Amino acid sequence: RRMKEWWLQVGLLGVPLLAVYLHIPPPQLSPALRSWKSSGSFFTYKDLNIFYRDSSGAVGSSDIVVLLHGFPTSSYDWSKIWEGLTQRFHRVIALDFLGFGFSDKPRPHGYSIFEQATIVEGLLRHLGLRHQRINLLSHDYGDTVAQELLHRYEHNKTGSILINSLCLSNGGIFPETYYPRFIQKLLKDGGLLSPIILRLMNFFFFSGGLRAVFGPYTQPSQAEFWDMWTAVRNNDGNLVMDSILQYINQRTKHRERWVGALMSTSVPLHLIYGPLDPVNPHPEFLQLYKKALPMSTVSVLDDHISHYPQLEDPTGFLNAYLNFINSF
């Protein structure tokens with residue numbers, strides 16, 4: 001009988017642990033995320049559904065801006081400056097990259113910066129904007145996608161988009177001044193361990209990891225962290241993070257191509273930088289940026305702004321961007 005009771009206790013303990021391991025159920029969308037999703041649409045890239053938002057804004061402007069988000073978040077990163085952008089641009093467009101947000105998250109899948117760039121081209125073709133000049137505004141992972149798009153544009157690759165300007169922000173543009181978080185390194189090179197870690201990843205680990213890349217006075221609220229986590233968990237996105245993280249190795253491997261694209265371009269370039277960023281630290285990152293790209297203009301935000309400047313200081317970020325756009 002003792003044995004039977006013991007098994008029963010193990011069983012009862014095992015159920016919640018298994019639920020944690022299998023993540024039952026995924027979190028529900030908050031009203032804010034639901035509204036973001038319902039004001040967007042999907043287009044198809046090779047049988048995969050890609051989520052995007054396309055707002056028509058300013059009357060009398062023909063300018064188009066396309067926003068490229070970072071890892072591990074989604075197009076929702078742009079929500080705090082969306083309204084401000086629609087007052088300046090004729091069209092404001094953002095997508096969730098494959099494996100992120102509301103887009104499909106196939107697995108197994110060889111996620112790559114090259115494919116994400118092709119998806120951006122596909123979206124603009126879908127929207128009939130192939131022959132229009134596009135302003136790119138990017139952050140983090142999106143910076144690298146923008147660099148690949150710039151390389152294709154500079155080399156007149158078929159299907160490439162016409163880039164009018166490029167504004168980068170807080171991304172690992174130079175592998176040598178880029179310090180990924182411990183968990184990122186662990187997942188990217190974890191081999192057989194990675195899938196287990198990803199299954200055990202929960203909201204508390206996730207929000208703790210992100211907390212470290214926000215400034216002390218600009219931390220997201222609990223509700224905002226939940227929105228980020230919900231977007232990751234949508235379509236089991238937590239289970240593809242290790243595949244997506246191969247972008248860190250891709251940056252090193254294709255450094256010449258991607259840094260070269262920035263160094264040789266005649267497209268107007270700008271950097272908006274939160275200097276408290278532990279991933280691309282000050283002053284090391286900025287010194288290299290200014291040395292490698294002397295023709296780029298730079299806006300450095302307040303000392304306490306970190307890795308997510310568009311969320312931490314939306315007003316400062318938007319002003320810096322509009323000053324750049326209005327300067328040429």
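This report covers helix packing, one buried arginine, backbone exceptions and two long-range pairs in a predicted model.

## Helix α4

Helix α4 runs over residues 113-126. Its 14 residues should span 20 Å at 1.5 Å a residue. The end C-alpha atoms are 20 Å apart, which agrees.

How much of α4 is buried? The count is 10 of the 14 residues, so the helix is largely enclosed by the rest of the structure. The buried set begins with Ile-113 and continues with Glu-115, Gln-116 and Ala-117. Ile-119, Val-120, Glu-121, Gly-122, Leu-123 and Leu-124 are buried too. Two glutamates, Glu-115 and Glu-121, are thus among the buried residues of α4.

After the helix comes Gly-128. Its phi is positive, near 75 degrees.

## Two packings of α5

Two packed helices are described by the angle between their axes and the distance between the axes. Helix α5 (residues 141-154) packs against α4, and α5 also packs against helix α12 (residues 255-264). The table sets out both pairs.

| Helix pair | Angle between axes | Distance between axes | Residues by class |
|---|---|---|---|
| α4 and α5 | about 70 degrees | 9 Å | 7 nonpolar, 3 polar, 3 charged |
| α5 and α12 | about 70 degrees | 8 Å | 5 nonpolar, 3 polar, 2 charged |

Take α4 and α5 as the opening case. They pack at about 70 degrees, with their axes 9 Å apart. That angle makes α4 roughly perpendicular to α5. On the α4 side, the contact is made by Ile-113, Phe-114, Gln-116, Ala-117, Thr-118, Val-120 and Glu-121. On the α5 side, it is made by Tyr-141, Thr-144, Val-145, Glu-148, Leu-149 and Arg-152. By class, this contact has 7 nonpolar, 3 polar and 3 charged residues.

Now α5 and α12. These helices also pack at an angle of about 70 degrees, and their axes are 8 Å apart. They are therefore roughly perpendicular to each other. From α5 come Thr-144, Gln-147, Glu-148, Leu-150 and His-151. They meet Arg-257, Trp-258, Val-259, Ala-261 and Leu-262 of α12. The contact of α5 with α12 divides into 5 nonpolar, 3 polar and 2 charged residues.

Thr-144 and Glu-148 of α5 take part in the contact with α4, and Thr-144 and Glu-148 also meet α12.

## Helix α15

Helix α15 covers residues 314-325. Its 12 residues should span 16 Å at 1.5 Å a residue. The end C-alpha atoms are 16 Å apart, in agreement. Its buried residues are Phe-317, Leu-318, Ala-320, Tyr-321, Leu-322, Phe-324 and Ile-325.

## Arg-91

Arg-91 sits in strand β4 (residues 91-95). Is Arg-91 buried or exposed? Its relative accessibility is 18%, so Arg-91 counts as buried, the cut-off being under 20%.

The side chain of Arg-91 makes a polar contact with the side chain of Asp-54, at 2.7 Å. Leaving aside neighbours within four places in sequence, Arg-91 also touches Ser-55 and Ser-56. Asp-63, Ile-64 and Val-65 are in contact with Arg-91 as well. Leu-127 and Leu-129 are further contacts of Arg-91.

## Backbone exceptions

Where are the cis peptide bonds? One runs from Phe-71 to Pro-72, with omega near 0 degrees. Pro-72 lies in the loop between β3 (64-68) and α3 (79-86). Another runs from His-282 to Pro-283, with omega near 5 degrees. Pro-283 lies in the loop between β7 (269-273) and α13 (284-292).

Positive phi also appears outside glycine. Lys-46 has a phi of about 45 degrees. Asn-170 has a phi near 35 degrees. Both residues lie in loops: Lys-46 between β1 (41-45) and β2 (48-56), Asn-170 between β6 (162-169) and α6 (182-188). Their exposure contrasts. Lys-46 is exposed, with a relative accessible area of 64%, whereas Asn-170 is buried at 0% relative accessibility.

## Long-range pairs

Lys-46 and Ile-119 are 73 residues apart along the chain. Their C-alpha atoms are separated by 9.5 Å. Ile-119 belongs to the buried set of α4.

Lys-290 is in helix α13. Its relative accessibility is 47%, so Lys-290 counts as partly exposed. Lys-290 and Leu-271 are 19 residues apart in sequence, and 9.9 Å apart in space, C-alpha to C-alpha.

How values were computed: Residues numbered from 1 in each chain as written. Predicted model: local features only at pLDDT ≥ 70, side-chain atom pairs only at ≥ 80, totals over all residues. Heavy atoms only, no water. Axes fitted to C-alpha atoms, helices over the stretch in contact; angles between N-to-C directions. Helix = DSSP H or I, 4+ residues; strand = E, 2+ residues; numbered from the N terminus. Parallel < 35°, antiparallel > 145°, perpendicular 65-115°, else oblique. Contact = heavy atoms within 4.5 Å. Nonpolar A, V, L, I, M, F, W, Y, C, P; charged D, E, K, R; others polar. Buried < 20%, exposed > 50% of the residue type's maximum accessible area, 1.4 Å probe, protein only. Polar contact = N/O pair within 3.5 Å; in protein donor to acceptor, adjacent residues only side chain to side chain. Expected span 1.5 Å × (residues − 1).
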